Amino acid sequence: MLKICKLILIYVAIACFLIFLASRMGLPFYKGIDEELYLNMAKSFWQNFSFSRDGVLVSYSCVLYSICLSIAYWMPFSNVWFVMRVLNVLIMCTAIFPSYLLADKILKNSRIALIIGALSILIPDMLYTSYFFQENLAYPLCVWTFYMIYCVFQETESVSWPKLILLNILFAALFFSKSYLIVIPTAFYGCIVVMYILRLENRNIKIWLKSILLFIAFILFFEFVIKACNGFAEGYDHYSSQIMRIFPIDLRFVMDWLRGVAYYVFCLLYTSDAADD
């Protein structure tokens with residue numbers, strides 16, 4: 001109980017410091033690019049539970065961050081931007097909890113785990129909290145996901161369904177916060193396949209097949225909900241054309257993507273080995 005109290009106190013102290021910095025910076029948002037889009041979607045979601053930009057519907061899957069920002073419009077404060085920055089801080093600082101839990105499980109030393117937890121939210125990237133970027137949500141989601149992956153790998157006999165369900169919810173949340181984070185669930189299930197090939201995995205393969213189907217079901221369900229919010233109307237999507245121009249899907253793109261997946265698979269294999277030890 002004392003450890004939890006210390007962890008919460010560190011969270012509150014660092015969050016207050018970051019909120020103070022956010023209140024003093026007074027940075028304007030970047031008009032015409034990402035920040036303006038996220039703010040517009042947050043406001044439209046608050047107004048009519050749809051996702052639009054300047055009154056034009058947008059077809060965009062990564063809406064989770066904007067949904068979180070929309071909470072600011074429900075607050076009885078006039079300075080909505082400051083409230084959003086406070087939300088950024090509170091959300092991003094939650095990375096301290098999975099960082100501490102993961103470090104404590106691996107190192108078996110709560111004092112060092114507390115230090116690692118504190119350092120995880122004292123990195124320079126925490127200054128993103130003064131901006132309206134999706135990284136404010138994606139960072140803690142990633143850390144929570146890696147913690148849950150470690151917990152799943154620790155179960156040697158069988159995998160509990162509550163953990164698998166939570167893990168797949170986190171996988172889906174990653175995708176709907178930053179679409180490129182689909183690489184993490186891809187690498188995870190790729191890692192499971194490699195473990196079966198190397199005979200490092202002896203749990204029933206049906207569990208993992210059901211887990212993959214569950215992940216796909218979550219993606220399809222939340223995609224359906226997003227489209228339903230827009231009345232199933234086709235909206236404007238400037239990101240797809242931009243990405244296709246910058247990163248055309250050719251052999252080089254596929255090879256680079258596979259190398260990225262292979263890197264994560266290697267890291268996860270190492271993690272699973274550490275969990276077994």
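**Where does lysine 108 lie?** Let's find out together, in a few short exercises.

The model is predicted, so local features need pLDDT of at least 70 and side-chain atom pairs count only at pLDDT 80 or more, while totals for chains, interfaces and linings use all residues. Residues are numbered from 1 along each chain as its sequence is written, and side-chain values use heavy atoms, with hydrogens and water left out.

**Exercise 1.** Place lysine 108 and describe its backbone and exposure.

*Solution.*
- Step 1: Lysine 108 sits in the loop between helix 6 (96-107) and helix 7 (110-120). Helices (H or I, at least four residues) and strands (E, at least two) are DSSP runs, numbered from the N terminus.
- Step 2: Although lysine 108 is not a glycine, its phi is positive, about 55°.
- Step 3: Buried means under 20% relative accessible area, exposed over 50%, and partly exposed in between (1.4 Å probe, protein chains only). At 66% relative accessibility, lysine 108 is therefore exposed.

**Exercise 2.** Do the same for phenylalanine 49.

*Solution.*
- Step 1: Look in the loop between helix 2 and strand 1 (52-53) for phenylalanine 49.
- Step 2: Phenylalanine 49, not a glycine, has a positive phi of about 55°.
- Step 3: Its relative accessibility is 47%, so phenylalanine 49 counts as partly exposed.

**Exercise 3.** Check the length of helix 5 (residues 80-92) and find what covers its buried residues.

*Solution.*
- Step 1: The expected span is 1.5 Å times one less than the number of residues. For the 13 residues of helix 5 this should give 18 Å, and the end C-alpha atoms are 18 Å apart, which agrees.
- Step 2: Buried residues of helix 5 include Val80, Arg85, Asn88 and Met92.
- Step 3: Their cover includes helix 1 (2-25), helix 2 (34-48), helix 3 (64-69), helix 4 (71-74) and helix 8.

**Exercise 4.** Explore the largest nonpolar core.

*Solution.*
- Step 1: A nonpolar core is a set of buried Ala, Val, Leu, Ile, Met, Phe, Trp, Tyr and Cys residues joined through side-chain atoms within 4.5 Å. The largest has 60 residues, and Phe171 and Phe188 have the most contacts inside it.
- Step 2: Helix 8 (residues 135-154) gives the most to this core, with 10 residues.
- Step 3: Leaving aside neighbours within four places in sequence, phenylalanine 171 is in contact (heavy atoms within 4.5 Å) with residues including Thr145, Ile149, Phe188 and Phe215.
- Step 4: Apart from this core lies another, of 18 residues, among them Ile14 and Met92.
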